[in-house]
Amino acid sequence: MEKIIFYLIAAVIIVFSVLTVTSKKILRAAVYLLFVLIATAGLYFMLNYNFLAAVQLTVYSGGIVVLIVFAVLLTAHMESDLEPVGRMKSLFAGLLSIAGAGVTLFAMYSFPFKEVESSTGAYDIKAIGLKLLSYGDYGYILPFEVISVLLLAAMIAAIIIAKKSVSND
Amino acid sequence: MHTELFSNTIWILVVLFFAFVIVGLFGNRLKPMLSGAISTAAILFAAVISYTTAYFYFFEQGMIDGKYAMLIPFEHEWLRFADTLIINMGIMIDPISVMMLVVVTTVSSMVHIYSFGYMKGEKGFERYYAFLSLFSFSMLGLVMSTNLFQMYIFWELVGVSSYLLIGFYYQKPSAVAASKKAFIVTRFADLGFLIGILLLSYYTRTFDFATLLGPDSTAISSMTGLSFMGISTITWVMVLIFMGGAGKSAMFPLHIWLPDAMEGPTPVSALIHAATMVVAGVFLVARLFGIYIGAPDALAVIAFIGAFTSLFAAIIAVTQNDIKRVLAFSTISQIGYMMLALGVSGYGGEEGLGFMASMFHLFTHAMFKALLFLGAGAVIHAVHSNYMSEMGSLRKYLPITHITFLIAALAISGIPPFAGFFSKDEILVAAWANNQLYFWTEWFVAGLTAFYMFRLYFSVFCGENRNYEKKPHEAPVSMLIALVYLAIASAVVGFIPFSQLVTSDGIPFDIHFHWNIALPSIGIALVGIGIAAWMYLKPGTAADKMAASMPGLYKLSLNKFYIDEVWLWITHKIIFKGISTPIAWFDKHVVDGSMNGIAWVTQRVSEKSKGLQSGQLQQYGYAMVLGAVAFVLLLLYWGAR
Amino acid sequence: MIEGIGVFDVLVVSTAMFFIGIYGFLVRKNLITILMSVELVLNAVVINFVIFNKYLYPEMLQGYMFGLFAIGIAAAEAAVAIAIILNVFRRMKGIDVEHVDTMKY
């Protein structure tokens, strides 16, 4: 049963990501992206990583896609189609992607992964929170602080870059 | 103990050099008379030292063991290339150098005094005197050199002074061309000289004269038995060295610069191109005579060229119309005499008569040739023209010049008791002893000499009254002093017992008077004078008729046998077109071309490869991904092996 | 873990999404579509982290944490990217990636 759901989710992911990169209308591409991200969240749910799935939904699909849609509204002409890509360019890029995919898959296929059975249930938020803020072994306090600085910097940067300049524009 | 006495000779060079520097640098700030006075004082000082040195050397201290020794009062090591190759700077006192000291300082002092009058009011008066001091310094350094390299340095310095002085009137294009010609021709000859010096020093491992000419010299022995292309090495070396001398002394075919050098002021012609610089070649052969004895083929070449040149130049002098050109060719002819005398000479005692005669003739020739030039200068100064056709009956207007010029003309024609007779006589004796053909050639040239010299004399000073628009005036006192002194010298120096003083090996010997040589030489001279008188004393058409009767020879002689044109043809067709043009093409297209080619290739490559940095984001991304995939592949397959 | 599914199967999915994202990055003309492709790539990476964590090291939470951080960083980066795109749009009145090429020779 779970296998079927997994295959369904996998199909959704792949089909919609292909559609994202090949769609001619920009807003549709944004929507397809949204679907991809939601399917990924579904994948996480299947793995019992609930918190992560929730973060994925909130931040990625709720935040980033909305941001993208805003950008599209502000900049592009939604009605007009995106220009078609050149033949040679897409051919070469496609070749490269397929070559890369082939190499990677081959590498992964020939590596003996040691899978470990486990049946732990869902992690509770308390454990995650403690782990995030602990500074003992396997504590993630440092990345936590760093990422907060990063977010601050990104915020300031985004404001400054997107600000209307003082001189006439 | 002998040498300290002569160490004063260094002051000759020092004082003259400082005179050059001071007058050269500060001349335009000093009054002209002052710069002239500084220069003249320097040369007079040098003359005094020279005379005292000569007196002490020849009559008091120079003779050691019955032989006039080669003394070196001053020597300083200058360059040390290797332990076997050292170049010194020094002063050497030996018979010929002392003799040259006297000659050069005497003539130079007279020229300095004369120039006060001749160059008065000329722009560049100070520059003239500075260059005169430079020349005197260089020439005296040349004659007092202790080694070949030092001599070569002063040789080139003399060439430079000559260039500067010939081109003194630098705004005249003909003067500039003449000075360039002189420098280039002598420089070309110096190429042979340099090669000769290098070869000689390669075989003998030294440049020093004392070592090369000394009793245990290796000069000849180190080169015996070696030969190159069928001619022995020592002959090659000495002929090459002679090539340098031939250039400086205007031997055929390198004589072309001397007639053109008359573009310089007349006192310069007197000093440099009559009495001193042009005899540098003769001096060189005399200096190295100890080695020339070991190369009899080289001496044969020298003798032949000397005789040929004297005949050749005398023929040309017969038809020239410019006073200074006549005197220039006369100089070339007389130097031919000196070279011939050296060429036919042996070594030691009576055998070395040619050597002594050559040096004797050098001495006397300096006196009367300088006098001739200075007299010509006085005439030119009076008449403001160089051409004999515009002169005549000047004896009325320039009495003193007339008398001194006559004395000089008689001296050069070989009429006793004037100086030229004695020296020319000794040369004829030496020639007779060696090769009768040379004797008859020189005998004939003596006749030609008398002829053209008196042609000049009669055309300029005699003849019927000629009307001048501006009455020619006698020369000023400064010029007359020089003329009179040199005239007395021309009359008197014939009586110096040269064979007791200057000989090939330093040992004095006695000479006898050969009436069977002397009488014919006086005879042919009188014949020459007589023919000249018949043709030129009264105005008439005898000269033109004779010229018309030999039109071909006349034309050749008037145009100096077209040797200049031959040289020009060689330079333009062979050197310029044949050698220089291909080399220039090579330089422009191959050497420059390859540099340009490298630059062009670089530019094209960069143009093509700048496309890699196009600023296109996706191109960069493509390159990155491609590189990453390539690395992975590399790791997989290379790491797997 | 999911029964019946091995690591490799999930990795296939994430690899496919990764390289489709790269394809889109190299091909698309509009800057915003390029950004979307980049988000695809980042998403594939997060799946990778999570899967390795779940299948190979279930007791540790390193992959999980890293996934969290990666999502956060992706969000920040998307924000800055949008700001840049807006700026570019103001200057060039269009957001064609081929016109953003002043950093060249």
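What follows is a short look at the two chains of this predicted model and at how they touch.

Chain A is built from helices, with no strands in the picture: six helices and zero strands turn up. Reading along its sequence gives α-α-α-α-α-α. Burial comes to 24% of the 169 residues in this chain. As for how chain A folds back on itself, take the contacts with a separation of 6 or more: 49% of these link residues 24 or more positions apart.

Chain B brings both kinds of element, with 25 helices alongside six strands. Its C-alpha atoms take up a box of roughly 115 × 65 × 55 Å, laid out along the principal axes. Of the 641 residues in chain B, 50% are buried, while the figure for chain A is 24% of 169. Contacts tell a similar kind of story: in chain B, 79% of those with a separation of 6 or more join residues 24 or more positions apart, against 49% in chain A.

Then there is the interface. Six residues of chain A are in contact with seven residues of chain B. On the chain B side, the residues that touch chain A come out as seven nonpolar, with no polar and no charged ones among them. In short, a helical chain A with zero strands meets a chain B that has helices as well as strands, and chain B's side of the meeting point holds seven nonpolar residues.

Note on methods: Residues are numbered from 1 along each chain as its sequence is written. Chains are lettered from A and ligands numbered from 1 in the order in which they are written. This is a predicted model: local features need pLDDT of at least 70, side-chain atom pairs count only at pLDDT 80 or more; totals for chains, interfaces and linings use all residues. Two residues are in contact if their C-beta atoms, placed from the backbone, lie within 7 Å. Ala, Val, Leu, Ile, Met, Phe, Trp, Tyr, Cys and Pro count as nonpolar, Asp, Glu, Lys and Arg as charged, and the others, Gly among them, as polar. Helices (H or I, at least four residues) and strands (E, at least two) are DSSP runs, numbered from the N terminus. A residue is buried if 20 or more other C-beta atoms lie within 10 Å of its own, exposed if 12 or fewer, and partly exposed in between; C-beta atoms are placed from the backbone.
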